[in-house]
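Open the model in your viewer and keep the sequence beside it. The stops below say what to select and what is there.

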Amino acid sequence: MNGNLVLDYIRATTNLYGIAPFEKIMEIYNQQNDDQICIEDLDAYIEQDLSEYYVYVYYENFVHETVLEFDEFDLVQAKKGNKPYYVPEKGELLKYADMNYYETPKQYRELFRYIRKNFFPSDDEKAEMLCENIRWECTDGPDIQVIFGHFNTAGVDFKNEKQVNEVLQLVMDLANNVRLWENNGHTPHEIFEKFEKPNLGPLPEGVFPGFGDRPKLRLIQGGSSEKVGRNDPCPCGSGKKYKKCCLGKEG
């Protein structure tokens, strides 16, 4: 048994699923490798301090720190329900051992191209940072006001409501194509197309799978909340989300 490889699977599945049951890790590992492991082979990691990877043990699961920090274990489990797991091929799966890794679907690239062209034509780094913040926001259930708050923080001025509509559509497309813990790694679009669409009639006009009713559009005038939420831009000015930057470091 390759101990480092087992640890990589633990880290990857925890980052991809938020909550990774011991049995599921063993099953995926054995499907993708010639050498087989059993639950007992995970014992060394159950006793090991994996906090440097933001991984903790909770009951018979490896759990991402964020789930426990915000006391969301039961909530995430309830949202997962009986949804099937998204299991990419080995090479792709192990990329998730890096907690900062995420897929960049075509919807992400389309949003980036739009932002770069219309707002930051000479600053790819600023365009990328804004897209990353929006992408992370989408993983927690996108809040339109918070998302446009990221645009305000980045200094974006919308020309008109047409441009707001265009950005909103791109964000909605991205939100439906990011991998979510509550979907066991599937995107909202995948869940809808593979598991819900065959059992549903036509969607009501204006409803987007995984996103809810389309909100009324308006130009965002700026302003900020006194309380910093975990998905808000970090007050330190780094441009990152609060939970990805200074959350838990104060004091």
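Select helix α1, residues 3–17, and helix α2, residues 22–32, in this predicted model. Their axes come within 10 Å and cross at roughly 120°, and α1 and α2 are therefore oblique to each other. The crossing of α1 past α2 is right-handed.

Now show the side chains where the two helices meet. From α1, select L5, V6, Y9, I10, T13 and Y17; from α2, select I25, I28, Y29 and Q32, which they meet. Sorted by class, this contact of α1 with α2 holds eight nonpolar residues, two polar ones and no charged ones. While α1 is on screen, look at the spacing along a helix in general. An α-helix has 3.6 residues a turn, so residues three or four places apart point the same way.

The next stop is a sheet. In which order do its three strands lie? The order is β1-β3-β2, in an open sheet with antiparallel pairing. Select β1 (19–21) and β2 (55–58) to see the edge strands, each of which pairs on one side only. Averaged over the sheet and with direction ignored, neighbouring strands are turned by 30° against each other.

Zoom in on β1 and strand β3, residues 61–64, which run antiparallel and are joined by three bridges. Strands of a sheet pair through backbone hydrogen bonds, either parallel or antiparallel. For one bridge pair, select P21 and its partner N61 in β3.

Bring α1 back into view. Helix α1 packs on this sheet and touches β1, β2 and β3, with its direction at about 60° to that of β3. Then add helix α5, residues 73–80. Helix α5 lies across β1, β2 and β3 and runs at about 70° to β1.

Move along the chain to helix α6, residues 90–95, and select E92 within it. Is E92 buried or exposed? With a relative accessibility of 14%, E92 counts as buried, because the cut-off for that class is under 20%. To see what surrounds E92, select Y86, Y101 and E103: these are its contacts once neighbours within four places in sequence are left aside.

Next, select helix α9, residues 144–153, together with α10. Their axes come within 12 Å and cross at roughly 115°, which makes α9 roughly perpendicular to α10. Helix α9 passes α10 in a right-handed crossing. Which residues of α9 meet α10? They are I144, I147, F148 and F151, and on the α10 side the residues to select are V164, V167, L168 and V171. The contact of α9 with α10 divides into eight nonpolar residues, with no polar and no charged ones.

Keep α10 (161–175) selected and add α11, since the buried residues of α11 pack against α10. Helix α11 spans residues 188–196, and its buried residues are P188, E190, I191 and F192.

Finally, clear the selection and view the whole chain. The secondary structure comes to 11 helices and five strands. Of the 251 residues in the protein, 43% are buried. Among contacts with a separation of 6 or more, 62% are between residues 24 or more positions apart.

Methods
Residues numbered from 1 in each chain as written. Predicted model: local features only at pLDDT ≥ 70, side-chain atom pairs only at ≥ 80, totals over all residues. Heavy atoms only, no water. Axes fitted to C-alpha atoms, helices over the stretch in contact; angles between N-to-C directions. Helix = DSSP H or I, 4+ residues; strand = E, 2+ residues; numbered from the N terminus. Parallel < 35°, antiparallel > 145°, perpendicular 65-115°, else oblique. Left-handed = near helix turned anticlockwise from the far one by under 90°. Contact = heavy atoms within 4.5 Å. Nonpolar A, V, L, I, M, F, W, Y, C, P; charged D, E, K, R; others polar. Pairing = 2+ DSSP bridges. Buried < 20%, exposed > 50% of the residue type's maximum accessible area, 1.4 Å probe, protein only.
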